[in-house]
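Please follow this explanation with the structure open beside the text. The path begins inside one chain and ends at the place where two chains meet.

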Amino acid sequence: MSQVRPDEISAILRKQLTGFDSEADVYDMGTVLEVGDGIARIYGLAKVQAGELVELPDSLDSEGKPVRGMVLNLEEDNVGIVLFGSSNVVEEGHTVKRTKSIASLQVGDGVLGRVIDPLGRPLDGKGEIAGETIELPLERKAPGVIYRQPVGEPLQTGLKAIDALIPIGRGQRELIIGDRQTGKTAVAIDTIINQKYTQDSEKPVFCIYVAVGQKGSTVANIVSTLKEYGAMDYTVVVSAPASSSAPMRYIAPFAGAAIGEYFRDTGRHALVIYDDLSKQAVAYRELSLLLRRPPGREAYPGDVFYLHSRLLERSAKIIENDEVAKMMNNIPDELAPKMKGGGSLTALPVIETQAGDVSAYIPTNVISITDGQIFLDTDLFNSGIRPAIDVGISVSRVGGSAQVKSMKKLSGTLKLDLAQYRELEAFSKFGSDLDAATQRQLKRGERTVELMKQGEYKPLPVEQQIALLKVNNSGLFDNLPVTEIQAFESMFLETVGVRYSKKMEFLAQSGQLDDTFGEELLSVAESIIDQLIAGEEA
Amino acid sequence: MVIKAARRYANAMLITAIEQKILEKIKDDMLLIKQAISDSSELSLFLKSPIIKKEVKKSALEAIFEGKIEELTSNLITILSNKGRENLLYGITLSFIELYHEHKNIIEVDVNSAFELKKDELASLKNKLEDATGKSVLLNVIINKDLIGGLTVRIADTVIDGSVKHKLNQLKIKFTTAVE
């Protein structure tokens, strides 16, 4: 056993202490005038910047650390700050020190697999973030037009209904909107789980899940689900639960965006989920009202649109050209040497509506900023159609160009067919006699809707989706009872997976479904359908 | 914090005083009034009270300061009394002194020291601060045993901290963070 020599200890301590009587420290200081409801007003700090972090060395929280705050209001005779910690320990007359740094967090590849708070502090008890980290500001201007490129690569969610009908591309912003309990988070989590297949490819998608104002137990559940499906290895969870202060909930999505930008600007792909932005807007409203900013519609401050637009604009597909990407606007100094082109940041913001009211203030704002929305409906959910996507009003404005070729071909008329089915379905409820063509269309629609159903945490690879859509389009399902569709799906995928593993692999890589393989798939499907029908009759 | 209106009155006073070439005298008046109000809580309450009639306030102020202040200053008191703004008086004196310092290129510097400073120490500190800021410095020395040793200098919002207390705190932070 090695021994520690006392003279060594004193030598080290002395070395630590040599810096002791060096230069005097220079800092800017102000005084707390009033405090309450998580905000404080400060006298002094004449040179402080908006958005700067300040420290209150006299106000120590339960862990003995000084409370920190962020400057939001610069007024004529005082400075309004929001406090990140408890405001109980802050008293009138306490000193406030500038830190001279704008609100920021430490980001590096080490954040993957971790649960952190919006200021980058670990919450999972696994110690400091490992590896090299760089400091990135929470607020950063979105890349300009010349540093962007149209969306062109698909981001597979693994959900048949989304990948076929509302495809999402890398760099897109697709809103997930719906009432409470319609499976919004489930869509987001499935998408994260499905990114597992990309991890072995050349272009892995790293995921960031931002939980804003959610129950602590919900966040814990999500983390354990992600772990269970092996998705935590490439995911960061930024948590600002309901118990955290309003400023934390306000900055959490910006922290998620900053982490996403780290991957985006180093030439990689990232997916960020803001769950949910309505709660962020509520937190921002809380702060704004306490800071006495004038309230507008639904008591939200005037700049609540800017709050979401500046956040979502940061999702982008960056131009492939490294030279151009290096000249991007507002690159933080530490990030500059790592800049690379070709990266992307895809955003899936979540908005919770009240009683299906999409014309409320925040939903309309976010709908107008994003490149489309996935609308989840309570009635569909309750009638067993899960994911409860309302295909009629869900759109993807740019994802189509990113869709896999054969998928695009197969899903071309699908949306229209489904819309017609919905219309006829309502009509057929009157019970009048229907002609054969209408009945056929109803039959087909019913089966397509059934095929689009999918269990939670069971994302399907794109090649399997293509194979299923091929069968659906051929009309082979018309004779199969609706109740047997799910059984068919599992039998078919299993058989095809075993019999044609090479060809399926090729389909996954190239996205091309040639005619011979198409025929082979259909013949497999036919034999399984015959088998199922025979079983039904027996 | 000084109310905006007080700053306006103070500015008007300063300009008039410069015009009439009685700046130093007015400054002394202002210091006198400031001292009187800050020393007597009764007077400051009396001026702030909305119940007391302005005629009473006016005559009381005249009685207190009569013969001790310049005509210009007593005019100010009359105007304030007529407009019912006696409560601004203290703020005006503060603003006036601030503006006077600005005019004369003087800065006030708060020095917190753990021990009484000797005359030559004060002189050298003053010289150094004057060199650094380029302005003439008015030292406000406060003895504060809490600092343990050394001193802190505060110029407006900026603090130059050379106190032993601060150093020890920094050392404490350094040691505790190293442990984690």
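In this predicted model, Leu271(A) has Thr346(A) as its bridge partner in strand β14 of chain A. Leu271(A) and Thr346(A) thus offer a convenient entry to the pairing of two strands. Strand β13, residues 269-275 of chain A, runs parallel to β14(A), and 6 bridges link the two.

A further strand, β10 of chain A, which spans residues 175-178, also pairs with β14(A). Here too the sense is parallel, with 3 bridges. Within this pairing, Gly178(A) is matched with Glu352(A) of β14(A). Strand β14(A) itself comprises residues 344-352 and is mostly covered, since 8 of its 9 residues are buried.

Helix α3 of chain A, residues 184-194, is likewise mostly covered, with 10 of its 11 residues buried. Among the buried residues are Val187(A), Ile189(A), Ile192(A) and Ile193(A). The buried residues of α3(A) also include Lys184(A), Asp190(A) and Asn194(A).

The next residue to consider is Glu76(A), in the loop between β4 (66-74) and β5 (79-83) of chain A. Is Glu76(A) exposed or buried? Its relative accessibility is 63%, and because the limit for the term is over 50%, Glu76(A) counts as exposed. Although 30 residues separate Glu76(A) from Ala46(A) in sequence, their C-alpha atoms are 9.7 Å apart in space.

Glu76(A) also leads to the second chain. Its side chain meets that of Lys4(B) in a salt bridge, with 3.8 Å from N to O. Across the interface of chain A and chain B, 1 salt bridge is found by the rule, and there are 10 residue pairs in polar contact. On the side of chain A that touches chain B, the elements giving two or more residues are α1 (6-18), β1 (25-36) and β2 (39-44). Of these, β1(A) gives the most, with 6 residues. By type, the residues on this side of chain A are 11 nonpolar, 3 polar and 8 charged.

Strand β1(A) also takes part in a pairing between the chains. It joins strand β4 of chain B, residues 158-161, in the antiparallel sense over 4 bridges. In this arrangement, Val26(A) stands opposite Ile160(B).

The interface may finally be described as a whole. How many residues of each chain are in contact? In chain A there are 22, and they are in contact with 17 residues of chain B. Together the two chains bury about 1800 Å² between them, and 54% of this area is on carbon and sulfur atoms.

Definitions and conventions. Residues are numbered from 1 along each chain as its sequence is written. Chains are lettered from A and ligands numbered from 1 in the order in which they are written. This is a predicted model: local features need pLDDT of at least 70, side-chain atom pairs count only at pLDDT 80 or more; totals for chains, interfaces and linings use all residues. Side-chain values use heavy atoms; hydrogens and water are left out. Contact means heavy atoms within 4.5 Å. Buried area is the accessible area (1.4 Å probe) that two parts lose on being put together, summed over both. A salt bridge is a side-chain nitrogen of Lys or Arg within 4 Å of a carboxyl oxygen of Asp or Glu. A polar contact is a pair of N or O atoms within 3.5 Å; within protein, one must be able to donate a hydrogen and the other to accept it, and residues adjacent in sequence count only if both atoms are side-chain atoms. Ala, Val, Leu, Ile, Met, Phe, Trp, Tyr, Cys and Pro count as nonpolar, Asp, Glu, Lys and Arg as charged, and the others, Gly among them, as polar. Two strands pair if DSSP finds at least two bridges between them. Buried means under 20% relative accessible area, exposed over 50%, partly exposed in between (1.4 Å probe, protein chains only).
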